[in-house]
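Visitor: I am new to this structure and would like to learn how to read its features one at a time. Could you take me through it slowly, giving the general idea before the particular case?

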Amino acid sequence: MTVRLRLTRALEFLCAGLLLSMVITVTLQVLVRYLAPFGASANPTGIAAILAPLSHVIAPKYFFWTDELAGHLLMWVSVLGSSLAVQKKAHLGVDIITMRLSPQRQRRFEQGSALLVILFSFFVMVLGGAVLVKVQWELGQRSASLGIRLALIYLALPIGGLFN
């Protein structure tokens, strides 16, 4: 197994883990929002009577962080997942023009677009992302509810750019 194949496989597992974490976080957030009001009724009946004792345990004030975490996970999954899509040539593309070209010109067009992706990934994602991470680290900014340094969250950009 080559190094590139191992890195791609590790990236696949990382994206799957991040996506699973995001699904769990959003599910928890939805459950808390919909189950918490059951305790508000003075005389609950039916399902509300069953869930009323849980409303104090799952009060929304204890799960304020789920929205922010879901957003950060979405950013990481999007950036790393798009890198996987580029590697596997599964990204969105419009081929209406290239279908009409000769096979030799199609190959040149693919090479040109691959060069553009490499240049964009390097200059915008890797270099620009590294500058963003450096500035955020120096400023010491932290996320509002989680208290995580924003520099660590923005690391998705240069890492995703390197995988392209």
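Guide: Let us begin with a loop, bearing in mind that this is a predicted model. Lys89 lies in the loop between H3 and H4, and its backbone is a good place to start.

Visitor: What is the sign of phi at Lys89?

Guide: The general idea is that most residues other than glycine have a negative phi. Lys89 is not a glycine, and yet it has a positive phi of about 55°.

Visitor: Is Lys89 buried or exposed?

Guide: A residue counts as exposed when its relative accessible area is over 50%. Lys89 has a relative accessible area of 67%, and it is therefore exposed.

Visitor: How do I read the helix that comes before this residue, and how many residues has H3?

Guide: One can set the span of a helix beside the span expected at 1.5 Å a residue. H3, which covers residues 66–87, has 22 residues and reaches 31 Å from its first C-alpha to its last, which is close to the expected 32 Å.

Visitor: Which residues of H3 are buried?

Guide: Among them are Leu73, Trp76, Val77 and Leu80, together with polar-named positions such as Ser83 and Gln87.

Visitor: Where do the buried nonpolar residues gather, and which have the most contacts inside the largest nonpolar core?

Guide: That core has 14 residues, and those with the most contacts inside it are Leu11, Cys15, Leu18, Trp76 and Leu80. Helix H1 (3–35), H3 and helix H5 (150–154) each supply at least two of its residues, and H3 gives the most, with six. If one follows Leu18 and leaves aside its neighbours within four places in sequence, one finds it in contact with Leu73, Trp76, Val77 and Leu80.

Visitor: How are H3 and H6 arranged, parallel or antiparallel?

Guide: The angle between the axes decides this, and an angle under 35 degrees counts as roughly parallel. H3 and H6 pack at about 10° with their axes 8 Å apart, and they are therefore roughly parallel to each other. The residues making this contact include Trp76, Val79 and Leu80 of H3, and Leu157, Ile159 and Phe163 of H6.

Visitor: And at what angle do the axes of H4 and H6 cross?

Guide: The axes of H4 (residues 103–139) and H6 (residues 156–163) come within 7 Å and cross at roughly 155°. These two helices are therefore roughly antiparallel to each other, and their crossing is left-handed. Among the residues in contact are Met125, Gly129 and Val133 of H4, and Leu157, Gly160 and Gly161 of H6.

Methods. Residues are numbered from 1 along each chain as its sequence is written. This is a predicted model: local features need pLDDT of at least 70, side-chain atom pairs count only at pLDDT 80 or more; totals for chains, interfaces and linings use all residues. Side-chain values use heavy atoms; hydrogens and water are left out. Helices (H or I, at least four residues) and strands (E, at least two) are DSSP runs, numbered from the N terminus. The expected span of a helix is 1.5 Å times one less than its number of residues. Buried means under 20% relative accessible area, exposed over 50%, partly exposed in between (1.4 Å probe, protein chains only). A nonpolar core is a set of buried Ala, Val, Leu, Ile, Met, Phe, Trp, Tyr and Cys residues joined through side-chain atoms within 4.5 Å. Contact means heavy atoms within 4.5 Å. Axes are lines fitted to C-alpha atoms, for helices over the stretch in contact, and angles run from 0 to 180 degrees between N-to-C directions. Angles under 35 degrees count as roughly parallel, over 145 as roughly antiparallel, 65 to 115 as roughly perpendicular and the rest as oblique. A crossing is left-handed if the near helix is turned anticlockwise from the far one by less than a right angle, and right-handed if clockwise.
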